[in-house]
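Reader: Hello! Could you walk me through this model, starting from a single residue and working outwards?

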Amino acid sequence: MAENSQNRRYPQNLQGVLQLAVEAGSAAEGPAPLEPMSEQRKTWLREALAEVCKGQMDEVQQMKQCLAVLCKEGTSESEREGEEQRDEEEDEDERESAFEMLSELCENLDNARDLMILGGLELCLSQYLCHVQSGLRWRAAQLIASCAQNMPQVQVHLLNIGALPKLLHLTDSDPHPTVRVKALYAVSCLVREQEVGLQMFLSHDGFSVLMRGMQSENEKVRTKSAFLLLNLLTSHPEQKDTVVSMGMVQQLVSVLRTPHSPFHEHVLGALCCLVEDCPQGLKDCMNPALGLEELLRQRARELQGKEESQEELDFCERLRVMCFRGKQSDDNGMDR
C-alpha cells in the first residue's frame, strides 16, 4: 500500500481533480485509512486550484480587453493629420473580433454574469445596437442573446435597462436581414420562460412584430418569427384570445397561401393552437370566406409521400379535424 501510494500519479488538469475527488469519496470497498497529506500532494493541490482560478481570471481579463476595444472613441480628423491615417475597416474588424470573442466567452454562464457586472451589456445598448455599421449591430444583438440565454439574472437586468424595445425595433425595421435575425433571437431569449419579459413583450405589441416578421422577404426572419409565435402560444395559452383579436388567424392563413416553405409547419402549428380551446379562433378558421378547408386539402395533396414534411402534414390533418369534423371529403390524402 505504501509503495502504491508513493508511485501514484497526480492529475494534471481539472478533470483529473474531479476524478480524484470522486475516487476519494467512494467508500464502496470500506473506509479508506486516514493518512496525513504529503507535502508533494499539498503542493500539487495548491497548484491545481491556482491554475483553475487563473483560467477564470484570464477570461475576465480577456473580457476587459475586449470592452476596452469597444469603448475606444473614434480618432478625430485633427488627430489624424500629420500621421498615418488608420483604416476605418481595420477598426471595424477589431471591434467585430472583440464582439465575437465576448460571445464565445459568454456561453459560459459565469462569464455572462461577469460581463453584466463589468457594464458590457449597457455598452451594447447605448453604442452598438444603433451603430451605423450593420456588422456591429448584429454582433451586439448576438452577444445580448448569448448572455441572456438560460440566465434569468441577466434577463431581468437587460429588461430593466430597456433592451427589449430596442431589439423589437431592430427586428421590425432594420434594413439588414442579419441584424433582424439576431435581434429576434435576442428577443426570444428575453421572453421565453420569462414572465416579466413576456409582459413587456405584450406592452410593446410584440405579437404584431412577429406577424410582420412572418411576412418578411427573409426566410430566416419568417422561420424564427413563426417558431417564436408557436412557442409562446404553446407556453402561454392564456394569450390566445389576445392574438386572435388581432386578426392573427386571417394573417396566418394568408401566409400559408404564399409559395410553400418549410416554416409553414410552424404556421400550421400556431393555427392549431389558436383553434384548440379558443372558440373565436375556431370560428375564424371555419369562416367559409377564408377558404381554409380547401387550402388544407390542397396542401395535404402536395405533401403526400414527402417524409421530411410529415409533421406539417400531421398539422394539416389535425387542423382539418378540429375545424371541419364531420364534413365529407373526397380527398384520400386527408381521410385516414
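Reader: Thanks! In which helix does D284 lie?

Author: Happy to help, and do keep in mind that this is a predicted model. The protein has 20 helices and zero strands. Among those helices, the one that holds D284 is α18.

Reader: Which residues of helix α18 are buried, and where on the helix do they sit?

Author: Helix α18 covers residues 279–286, and its buried residues are G281, D284 and C285. Viewed down the axis of α18, these buried residues fall within an arc of 95 degrees, so what they line is one face of the helix.

Reader: And which residues are exposed on the other side of α18?

Author: An α-helix has 3.6 residues a turn, so residues three or four places apart point the same way. On the side of α18 away from the buried residues, the exposed ones are P279 and K283.

Reader: What do the buried residues of α18 pack against?

Author: Their partners are other helices, among them α15 (240–245) and α16 (248–256). For D284 itself, leaving out residues up to four places away in sequence, the residues touched are V244, V249, Q250 and L290. The rest of the packing list for the buried residues of α18 is α17 (264–275), α19 (292–303) and α20 (310–324).

Reader: D284 is charged, so how far away is the nearest side chain of opposite charge?

Author: D284 is buried yet has no salt bridge. Its side chain does make a polar contact with the side chain of Q280, at 2.9 Å. A salt bridge would need a separation within 4 Å, whereas the nearest side chain of opposite charge, K283, is away by 6.7 Å.

How values were computed
Residues numbered from 1 in each chain as written. Predicted model: local features only at pLDDT ≥ 70, side-chain atom pairs only at ≥ 80, totals over all residues. Heavy atoms only, no water. Buried < 20%, exposed > 50% of the residue type's maximum accessible area, 1.4 Å probe, protein only. Helix = DSSP H or I, 4+ residues; strand = E, 2+ residues; numbered from the N terminus. Arc of directions from axis to C-beta. Contact = heavy atoms within 4.5 Å. Lys, Arg positive; Asp, Glu negative; His and termini not counted. Polar contact = N/O pair within 3.5 Å; in protein donor to acceptor, adjacent residues only side chain to side chain.
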